[in-house]
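Biologist: Got a minute to go through this model with me? I'd like to know what sits behind each label.

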Amino acid sequence: MCGIVGYIGKRDVAPLLLEGLARLEYRGYDSAGMVITSPKSAGLKMVKAKGRVRDLEARVPKRFAGTTGIAHTRWATHGAPSDVNSHPHMDPDNKVAVVHNGIVDNAAELRAKLEADGVVFASETDTEVLTHLIARSQAETLEEKVREALKVVEGTYGIAVMHADFNDRIVVARNGSPVVLGIGEKEMLVASDIAALIAHTRQIVTLDDGEMATLKADEFRTYTTSGTLTTATPETVEWEAASYDMGGHDTYMHKEISEQADAVDRVLRGRIDEKFSTVHLGGLNLDAREARGIRRVKILGCGTSYHAGLIGASLIEGLARIPADSEPASEFRYRNPVVDPDTLYIAVSQSGETYDVLAAVQELKRKGARVLGVVNVVGSAIAREADGGVYVHAGPEVCVVSTKCFTNTVVAFALLALHLGRIRDLSVADGKRIIEGLRKLPAQIQEILEGEEDIKKLAAEYADAKSMMFIGRVRGYPVALEASLKLKEISYIHAEAYPASELKHGPLALIEPAMPTVAIVPSDSLLEKNRAAMEEIKARSGRILAVAHQEQEKADHTIIVPKNEDELDPILMGIPLQLLAYHTALALGRDIDKPRNLAKSVTVE
């Protein structure tokens, strides 16, 4: 969601901050701003603007030099998008500047107390409360001023703070919202996402919740919010700056769809165990005896990750014969769930920082549950909080909507299901069958991608729809859910997904020529059932686009995908529907990489 970038060193800071903000544009935002200073400066200089980073850049004065600065892209929570509500926020004396990701839950209460003391607020934001608290502190150091303010704040935050009286440092803190330090040569950086740092350093330190840091040009130190020093060892990031470029594509979404064959090859690489017809997943921290003691699997995710979890649950039940289900993490954490010691909990998040998922993990850990993480970002909060897990190795995903990470997450679940199955009752023959299917995936994905032009033509046929239905049975239903989500996210066409068996229980009332249906029709034991559902739609003059392994007589159009093993077919059947959503949105002139009202990494509730 919101993005933070900060720098302290010897370089001209404004261009560096603008570049960092541009690399965070994919997160979703509505305004941007920056504050800069230097050791020789008399104070803090600020510029900010509603709109895109380019709008901010247009406002930067010609003489806006400095070597220290913090910058921000805001996704509105408290107060509508505007120049004055943009970050950074400064106190009336222009001494303190704060950028903040997250939400101050008790902002209204703190604001009322400050106003009673005569403080006049310039904005509607919760963040300005933090600025005034820090500015009014009588503590002697900036670190102590920030700590005092955080003691009375409730909620989530990733913050970076500058002070005119302490212009040799930036102080940062984290609680529930990512803060990553970039360690350079006589320069230090901070950001909410590695993407803003990777062009300048590959040495990073990720703060934990309840941790703070002081950055100076030639050193950094980390400590808790109570002041206890902590040990932070920089890690080397595998991804390179080029991974965040478009690579000749018109959009990041198109680039990431096209990368899926290589991405799937990457998640499989080095994990196949031919000898025992299973896979190596060394990061699980779960031995065979413990795995055999699992009586149930509960998968938690949000949005696309939840849909990947639905397919993952089906794979685990089918291959490992362990009861499994997937649930939105946002619902799970608020329903006072029964936490069973024999249940394995799996937290799914592309960023590894999704707040609802992270909060569910923390609650589960508090209650003594075993939690695994299935995440893309190495060293992310969920990866660190979990007992073990599987990295999906999709590489950087910049577009707000997830494509290659969804696919790799489902493949990671197939690996986990195979691993658990072979520990339990899955035969060697079935293990080999699944491995052979997994090995076929990259080439089959590439085959689907080569049919893009045909899918583009189909998108033109359906782009005039005001609403669309997506249906599938059992394994096909999560594919329908994810395809429906993709279409509505980037094209803004209303879309609903239903199990095909539920049509006659209500949704058939919606069927008419103006309401197309996308049917997921694999050639499996439910093929005839799915054909019967299409008959019901055609009888009511509905248009049908089928995604199938063979031409479907009752469909107006059929997208044919290669056949794999029944268990792995959902991985392939979702990919043409990513392209369908993409080309539908393109035909409608949508901002595909930055869909309205959405953000990439949802780090608030």
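Modeller: Sure, starting with a sheet: 5 strands form an open one in the order 24-23-25-26-27, paired in parallel. Keep in mind that the model is predicted, with local features needing pLDDT of at least 70, side-chain atom pairs counting only at pLDDT 80 or more, and totals for chains, interfaces and linings using all residues. Residues are numbered from 1 along each chain as its sequence is written, and side-chain values use heavy atoms, leaving out hydrogens and water.

Biologist: What makes strand 24 and strand 27 edge strands?

Modeller: Strand 24 (494–499) and strand 27 (557–560) each pair on one side only. Strands here are DSSP runs of E with at least two residues, and helices are runs of H or I with at least four, numbered from the N terminus.

Biologist: How do you know that strand 25 and strand 26 pair?

Modeller: Two strands pair if DSSP finds at least two bridges between them. Strand 25 (residues 517–521) and strand 26 (residues 544–548) have 5 bridges in the parallel sense, so they meet that rule. One residue pair to look at is Val 518 with its bridge partner Leu 545 in strand 26.

Biologist: Which strands does helix 16 touch when it packs on the sheet?

Modeller: Helix 16 (residues 476–491) touches strand 23 (467–472), strand 24 and strand 25; contact means heavy atoms within 4.5 Å. The direction of helix 16 makes about 175° with that of strand 24. Such angles run from 0 to 180 degrees between N-to-C directions, with axes fitted to C-alpha atoms, for helices over the stretch in contact. Helix 19 (residues 575–587) also packs on this sheet, touching strand 25, strand 26 and strand 27, at about 145° to strand 26.

Biologist: On to the cysteines. Why is Cys 405 not bonded to Cys 399?

Modeller: A disulfide is a pair of cysteine sulfur atoms within 2.5 Å. The sulfur of Cys 405 is 12 Å from that of Cys 399, its closest cysteine sulfur, so the two are too far apart for a bond. By this rule the count comes to 0 disulfides.

Biologist: Why is Cys 399 called buried?

Modeller: Buried means under 20% relative accessible area, exposed over 50%, and partly exposed in between (1.4 Å probe, protein chains only). Cys 399 has 0%, so it is buried. Cys 405, at 1%, counts as buried too.

Biologist: And why does Asn 167 count as buried?

Modeller: Asn 167 has 18% relative accessibility, so it counts as buried. Asn 167 is in the loop between strand 7 (157–163) and strand 8 (170–175). Leaving aside residues up to four places away in sequence, Asn 167 touches Thr 37, Ser 38, Pro 39, Ser 41 and Thr 68.

Biologist: What joins strand 7 to strand 8?

Modeller: They run antiparallel and are joined by 5 bridges; Ala 160, for instance, has Val 172 in strand 8 as its bridge partner.

Biologist: What makes the unit of strand 18, helix 9 and strand 19 right-handed?

Modeller: A crossover is right-handed if, with the strands pointing away from the viewer, the path from the first strand over the helix to the second runs clockwise. Strand 18, helix 9 (residues 304–320) and strand 19 make a right-handed β-α-β unit. Strand 18 (residues 296–301) and strand 19 (residues 324–328) run parallel, with 5 bridges joining them, and Val 297 stands opposite Ala 324 in strand 19.
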